[in-house]
Amino acid sequence: MSRASELMKLPGAVAAGVFSRKGILDDFEGPFPQAQAKLLMSLCASMTITMEMQGRLLADLAGAPGWDTCNGWTLWGPEMSLVTVCDSTCVVNLSETSFQEVISAMRTAAGVEA
């Protein structure tokens, strides 16, 4: 079973995908047309790279390690959120999800240590 299929089993999951560092769609499940799925994965790859850069800058400015290992980010909307960990994204309904459960499962799937 693909990682996108596994992520779709999470509470509140509407769509899920896996992307490359270049923003190429590797795997996707959900109601979005292929063109929108590709655009979403491209956006997620760009944001992930930006967040990693921001973390490195913050670590340098603060003189404190730990900020330079960005493993993910969340974009909170009025009804749905994007939860991204490493190279995967899950679109979730806010009223139906457990962020702790989603993030934990995504970290495990991505091989990120707790």
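Is Phe28 buried or exposed? Phe28 is buried, because its relative accessible area is 17% and the cut-off for buried is under 20%. Keep in mind as you look around that this is a predicted model. With that said, Phe28 makes a good starting point for a walk through the chain.

Let's begin with the aromatic rings. Searching the whole structure turns up two aromatic pairs. One of them joins Phe28 to Phe32, with ring centres 6.1 Å apart and planes at 35° to each other, a geometry classed as tilted. Phe32 has a relative accessibility of 28%, so Phe32 counts as partly exposed, whereas Phe28 is buried.

Now turn to Trp76 and Phe99, whose rings form a stacked pair: the centres are 4.9 Å apart and the planes meet at 25°. This pair links distant parts of the chain, since Trp76 belongs to strand S3 (residues 72-76) and Phe99 to helix H3 (residues 99-110), 23 residues apart. Here too the accessibility of each partner is worth a look. Trp76 counts as exposed because its relative accessibility is 57%, while Phe99, at 19%, counts as buried.

With those rings located, step back to the overall layout. The chain contains three helices and five strands. Read from the N terminus, their order is α-β-β-α-β-β-β-α. How does the chain's radius of gyration of 14 Å fit with that of a compact globule? For 114 residues, a compact globule would come out near 13 Å, so the value for this chain agrees. Along the principal axes, the C-alpha atoms fill a box of roughly 45 × 30 × 30 Å.

A few whole-chain values add to the picture. Of the 114 residues, 38% count as buried. Among contacts with a separation of 6 or more, 44% are made by residues 24 or more positions apart. The surface that the chain exposes amounts to about 6700 Å², and carbon and sulfur atoms supply 58% of it. As for charge, the chain carries 7 positive and 12 negative charges, and the mean positions of these two groups are 7 Å apart.

Next, find helix H2, which spans residues 34-62. Glu52 has its place in this helix. You may be curious whether this acidic side chain belongs with the buried or the exposed residues; Glu52 is buried, because its relative accessible area is 17%. Leaving aside residues up to four places away in sequence, Glu52 touches Arg21 and Cys70.

Follow the chain out of helix H2 and you come to Gly63, in the loop between H2 and S3. At 64% relative accessibility, Gly63 counts as exposed. Gly63 also brings us back to our starting residue: Gly63 and Phe28 are 35 residues apart along the chain, and their C-alpha atoms are separated by 39 Å.

One last stop is a matter of backbone geometry. Most residues other than glycine have a negative phi. What sign does phi have at Cys86? Cys86 has a positive phi of about 55°, although it is not a glycine. You will find Cys86 in the loop between strand S4 (80-85) and strand S5 (88-93). Its relative accessible area is 28%, so Cys86 is partly exposed.

Key:
Residues numbered from 1 in each chain as written. Predicted model: local features only at pLDDT ≥ 70, side-chain atom pairs only at ≥ 80, totals over all residues. Heavy atoms only, no water. Phe/Tyr/Trp six-rings, centres within 6.5 Å; stacked < 30°, edge-to-face > 60°. Buried < 20%, exposed > 50% of the residue type's maximum accessible area, 1.4 Å probe, protein only. Helix = DSSP H or I, 4+ residues; strand = E, 2+ residues; numbered from the N terminus. Rg over C-alpha atoms; globule rule 2.2 N^0.38 Å. Contact = heavy atoms within 4.5 Å. Areas by Shrake-Rupley, 256 points an atom, 1.4 Å probe, with all protein chains shown as cover. Lys, Arg positive; Asp, Glu negative; His and termini not counted. Charge placed at Lys NZ, Arg CZ, Asp CG, Glu CD.
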